[in-house]
Amino acid sequence: MLKDFLTYKNQILHFGLGQHDLSSWVATYQGPIYFYDLQFVKIRAKQMRAAFPKANIYYAMKANSNLEIMKALRAEGFGADIVSAGEMKVALAAGFQPSEIIYSGVGKTKAEIDLALSNEIKQINVESVPELLRIAARASALGKIANISLRLNPNVDIKTHPYIATGLHENKFGMEYSVIPEVVEILQKNLQHLRLAGISLHLGSQMLEFEGLAEALRKQKKVFLELQNQFSTCQNFDAGGGLGILYQERDLQKEESLLQKYAAVVQSELMDIPCQLQLEPGRWVVGHAGALLSQVQYIKTTPYRNFVILDAGMVHLIRPALYQAYHSIEPLRLPDASVQKQKYDVVGPICESADFFAKDREMLPLQQDDFVLIMDAGAYGAVMSSDYNLQVEAKEVVL
Ligand SMILES: *Cc1c(COP(=O)(O)O)cnc(C)c1O
């Protein structure tokens with residue numbers, strides 16, 4: 001069982017399971033720094049593997065493609081779930097074998113498909129009929145057999161932010177069940193170049209309840225059995241990723257019981273069908289393992305608001321701007337116990353009003369030059385950064 005990973009000793013914040021004292025970074029500080037606790041990542045990987053003893057688990061590396069994290073996850077027995085040629089190159093550089101890589105995403109280019117085919121990766125998750133036709137054509141041109149899995153869209157709601165829901169009719173991801181007859185025809189016409197390895201789904205991210213997932217699995221199961229009847233190679237049942245974390249409560253024990261619930265739903269739904277289970281977790285494995293260190297530049301007080309202006313902004317961590325996501329913000333050094341909390345808007349330097357980390361947040365008082373740690377930024381943090389306003393990228397440090 002994991003304890004909390006944020007502790008104060010002598011009023012100084014110590015981050016991660018290793019209780020790393022980040023105040024030693026202050027003297028040489030030149031701009032925002034992402035810190036990752038590798039031990040945390042490894043333990044989460046072990047927990048996930050223990051919850052799914054028979055699954056092949058592919059880490060959705062778009063959540064955090066840091067090379068050391070990737071290597072650690074490979075050592076824990078994970079494969080890689082990629083969404084671009086760029087990610088394929090990093091996965092290979094991190095030591096993943098092509099047979100440990102599966103490839104998702106709606107917009108694979110010819111060049112990307114060629115790279116996947118020539119590397120002979122494990123599986124391409126196909127998201128549309130035109131993509132399937134393109135893969136067949138490229139496999140034929142290159143004299144290869146493409147192992148494909150059909151990403152199907154079961155149209156279920158997992159009650160998450162609309163920008164991270166992916167399993168509804170209105171979403172661009174996956175294929176509708178109605179195209180399956182057409183897909184089967186294409187597969188039968190291209191047996192020498194397409195091998196149906198299985199089916200896939202991914203309903204979205206930050207899933208904290210599993211009724212939608214159970215419903216989707218029941219729907220997919222029927223389709224899987226029908227396809228397996230026609231194509232004996234159809235063996236893999238890919239249940240996607242999406243398990244969420246508790247950004248506000250940060251209760252690791254509760255998250256472990258969420259993992260158990262999730263595992264029970266997936267494994268009990270699939271118990272009665274002959275398949276190899278595949279999973280694609282991202283956020284759950286790395287989300288809590290990262291934090292962003294930033295320095296207060298100004299405290300700006302108006303008749304309406306108290307602004308804490310940081311040197312980190314939406315270019316370094318875009319989740320609050322993009323999804324109104326919550327991240328707790330903790331001082332590197334605790335003030336005296338006697339001080340009162342205050343309400344702040346915590347914002348960045350970027351010339352956009354969406355550039356905020358918290359609004360109307362009750363926090364311990366901050367002062368110019370203080371440091372804060374923006375917590376739970378290990379997933380969809382550094383990987384989503386940009387250089388808008390020509391801001392300098394955050395450094396990444398693996399502890
Ligand atoms: C993003 C993504 C994942 C991982 O989602 P998490 O919520 O980070 O677990 C898995 N599969 C696919 C296809 C994805 O796009």
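**Note on the aromatic pairs and the ligand site**

1. The structure, which is a predicted model, holds 6 aromatic pairs. One of them is formed by Tyr34 and Tyr36, whose rings are stacked, with 6.1 Å from centre to centre and 20° between the planes. The pair counts as stacked because planes under 30 degrees apart fall into that class.

2. Both tyrosines of this pair can also be placed with respect to solvent. Tyr34 has a relative accessibility of 1% and therefore counts as buried, and Tyr36 is likewise buried, its relative accessible area being 1%. The assignment follows because buried means under 20% relative accessible area.

3. Elsewhere among the aromatic residues, Phe52, Phe210 and Tyr262 are linked into a cluster by ring pairs.

4. Turning to the ligand, one finds that it sits in the largest pocket. There are 14 residues around the ligand, and those that come nearest are Lys62, Ser205, Glu280, Arg283 and Tyr380. By residue class, the shell around the ligand divides into 3 nonpolar, 6 polar and 5 charged residues.

5. Several polar contacts of the ligand deserve to be listed individually. The side chain of Ser205 places an N or O atom 2.3 Å from an oxygen atom of the ligand, and a polar side-chain atom of Tyr380 lies 2.5 Å from a ligand oxygen atom. Gly282 takes part through its backbone, a polar atom of which is 2.9 Å from an oxygen atom of the ligand. As for the surface of the ligand, taken alone it exposes 390 Å², of which the protein buries 93%.

6. Which residues, then, should a colleague inspect around the ligand as those that come nearest? They are Lys62, Ser205, Glu280, Arg283 and Tyr380, and for two of these, Ser205 and Tyr380, the side-chain distances to a ligand oxygen atom are given in the preceding point.

Terms used
Residues numbered from 1 in each chain as written. Predicted model: local features only at pLDDT ≥ 70, side-chain atom pairs only at ≥ 80, totals over all residues. Heavy atoms only, no water. Near = heavy atom within 4 Å. Polar contact = N/O pair within 3.5 Å; in protein donor to acceptor, adjacent residues only side chain to side chain. Areas by Shrake-Rupley, 256 points an atom, 1.4 Å probe, with all protein chains shown as cover. 1 Å grid on protein atoms, 1.4 Å probe; cavity = no way out; pocket = protein on both sides within 12 Å on 5 of 7 lines; lining within 4 Å. Sits in = over half its atoms within 2 Å of the grid points. Nonpolar A, V, L, I, M, F, W, Y, C, P; charged D, E, K, R; others polar. Phe/Tyr/Trp six-rings, centres within 6.5 Å; stacked < 30°, edge-to-face > 60°. Buried < 20%, exposed > 50% of the residue type's maximum accessible area, 1.4 Å probe, protein only.
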